[in-house]
Amino acid sequence: MIQYEKALNPKQLEAVTTLSGPLLVIAGAGSGKTRTLIYRVARLVEHGVDPQAILLLTFTRKAAQEMLDRAAQLADPRCRLVSGGTFHSLAHRILRAHASILGFSNGFTVIDRSDMEEILHSLLPDLSLSNTGLRVPKRGTLASMMSKAANLEVPVEQLVADEYPQFIDFAVHAGRLGRLYARYKKKNQLMDYDDLIIYLRALLMEHPELRQRLARRYGYIMVDEYQDTNRIQAHIVKWLGHEHRNVMVVGDDSQSIYSFRGADYRNMFQFPKEFPEARIIKLEENYRSTQPILTFTNAIMERAKERYTKCLFTRREGGAKPRVVNTLTEPEQAVFVVRTIQEMLGRGRRLRDVAVLFRAAYHSFELELELARAGIRYVKYGGFKFMESAHIKDLLAHLRAVLNPDDAVSWGRILRLIPGIGRAKSQDIIEWIRQTGTGPSALKEWPGRAPEKVRNALAQLSELLVKLTQRDITPSKAVEMTLEYYGPFLEQMYDDYPRRRKDLEQLALMASRYQRLRKFVDELVLDPPTSSVDLTQGLPDDFLTLSTVHSAKGLEWSVVFIIWVMEGRFPSAKALNDPLAVEEERRLMYVASTRAKDELILCYPSKEDSHPWGYEHYLYGPGSNGLSSFVSGLPPEIVSYENADRVHVREEFTRQSPWQHPDPTAASAGDSDFMPGDKVEHPAFGPGVVSKLVDREKVEVLFRNAGRKLLHLAYTTLHRI
DNA sequence: CATCACGCTGTTTTT
DNA sequence: CAGCGTGATG
């Protein structure tokens, strides 16, 4: 029997014991929001509600899984049967069964962001703009335009006019492109992330009998992170819940940081209007951070424009003020962070108690080099996506072409792997496949002209695809067979073949956890592995966490570093000119700092310097960019301002004179001397090529996978490959 | 079809 | 600075 009264504070208890009717819980950071949800699941199950009738919608699938695991441990193992997941995974589950009502095949393919970009890109020529001199956005920007228009339910033309003034002349073409894209998806049986939720809502709105069936099936709805939902998702909640009205939404308007994908925290304010009888409960007691940290975060949020007023407090006594540390330059900042961590380790802290947070994934590159040099193990969340690397996409394309023969993106991808087949020929073959409709076995009978070599390759591909079509094939077997076929291509294309091969073997391992090929492929798109850890499973026993703020949501550490890096115009220009962007920056800062339990350290490089790419001079530091401007005005009672000790650091990093290799013609004699052009391997960055010798200890290396290409590196962390 | 030189442009976060 | 698109060449 669970002792709810002992485990929960009065507000939490009220939320947990309100089992029916609409309920809005405004839960500040660290106020036991997750705990409340877990106990409520337990309570519902304890009161005899069928676990499968409970729908727990969270922001990531992992979050749902963890909550249900904890509920199961706490109360009843049956809590694991609760239907949990993201809006997208719910939509996917339902659409797999009912997409045919909408004129889709139930065998549709879910495409990810990069597929979307590729399709949009491939449709550009159809707009016939080549000689008009019109400025056309890049594929990534095009995808953002389409996605945001879809999520905000605004015509593409209008969205471009409103949010991309630099592309105003393109707006009308963007609208045309959007229609071409929609037609393309229909024709090829594809749905992107946005389609999933849009079509789910369409099902609910336009098919009352199905809506009723689903609403009855999910008699109790709980939505976490409600501030991050968009209007479409809010509609889905409304349609599913408007009959039984057992809807609990939990969120914190101050933590809304997803407006870039259409999220609107005003959904929180809307909820009581949609459900007028809703109870509203505020959780303001914080169980995570010390008071000085909360004073800091409250001070940041005080000046926010529109919000549910709430003020975090704690009963935790003591604790130091957040430190704002000027580290002069970015390399020095990395050294400062590493040294501070080392000192903490000396005082008995463990690495797993510490996290370093930053805004964008590449902001940690400099730090990663320093960590590697110091031998500190870390796991990084956010940023580079395993799923988006070319070799993974290539392999999956084979599987997807088999699962959905209409998927021309995948067909194009696998056909173009064959030397001698490019854009034109692959188009031809795809068209032919579509017309004859005889499936993969017919590939070798393609009537077009091609050299013997290409024919043979096509025959081999056809053989593979036929094998993949066998009904009883297991996902891991399928991956293995594809790897056998694809391996030789891979070896030819990349000089870092061994590493990529290893990735693909990992993929085979992941596949072995699934029974059905389709399920495996779908889950990879809907729930892509976000860090290398997810792939390897085994973790080192102690490790530091590096994370983007977005990926750090819902997590906590004893010590949190927030680092800024030198950057040109972003976020300064936009953040300082766009009031909405300023507010989002503010909330980002709030999310980042409320992850800290005991110590919060904010670092910024302040040195006046030229932009690394040669832009005009500008000043880094508090006030100069979006994040730091919130910190600069705070009085010393709230934060302590410091300068990092840089006596030794300076020495290390100010040696500017280019160092000449003693003898450029001599083959480096067996040890650590590198030459430009040497291929090297780095523990964090993988393979790279030496481009320049900087001094006795440092070389510049060109890394293939790093967004920022040139980096200084100590010899000791490199080895030749 | 593949490769190279040239010119233009410049935001990041995730399902 | 470096990625990306374009247009010319092999």
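pLDDT is the predictor's confidence in each residue, from 0 to 100. This is a predicted model, where local features need pLDDT of at least 70, side-chain atom pairs count only at pLDDT 80 or more, and totals for chains, interfaces and linings use all residues. Residues are numbered from 1 along each chain as its sequence is written, and side-chain values use heavy atoms, with hydrogens and water left out.

**Exercise 1. Find which elements of chain A have the lowest and the highest mean pLDDT.**

Step 1. Begin with the whole chain: the mean pLDDT of chain A is 81, and 80% of its residues reach 70 or more.

Step 2. Now go through the elements; helices (H or I, at least four residues) and strands (E, at least two) are DSSP runs, numbered from the N terminus. Strand β16 (residues 617–618) has the lowest mean, 34, while strand β6 (residues 220–223) has the highest, 96.

Step 3. Look also at residues 647–672, where pLDDT stays under 50. Where pLDDT is low, the predicted coordinates should not be read in detail.

**Exercise 2. Check the span of helix α14 and work out why it is largely enclosed.**

Step 1. The expected span of a helix is 1.5 Å times one less than its number of residues. For the twelve residues of α14 (residues 291–302) that gives 16 Å, and the end C-alpha atoms are indeed 16 Å apart.

Step 2. Next, sort residues by relative accessible area: buried means under 20%, exposed over 50%, partly exposed in between (1.4 Å probe, protein chains only). Among the buried residues of α14 are P292, I293, L294 and F296.

Step 3. Because nine of the twelve residues of α14 are buried, the rest of the structure largely encloses this helix.

**Exercise 3. Locate R288 and E556, and say how their side chains meet.**

Step 1. A salt bridge is a side-chain nitrogen of Lys or Arg within 4 Å of a carboxyl oxygen of Asp or Glu. The side chains of E556 and R288 meet in one, at 2.8 Å from N to O.

Step 2. This pair links distant parts of the chain, 268 residues apart: E556 is in the loop between β12 (544–548) and β13 (557–563), and R288 in the loop between β8 (279–283) and α14.

Step 3. Compare the partners: E556 is partly exposed at 38% relative accessible area, whereas R288 is buried at 9%.

**Exercise 4. Describe the surroundings of S476.**

Step 1. S476 lies in helix α21 (residues 475–493) and is buried, with a relative accessible area of 16%.

Step 2. Contact means heavy atoms within 4.5 Å. Leaving aside neighbours within four places in sequence, S476 touches A508, A511 and S512.

How values were computed:
Chains are lettered from A and ligands numbered from 1 in the order in which they are written.
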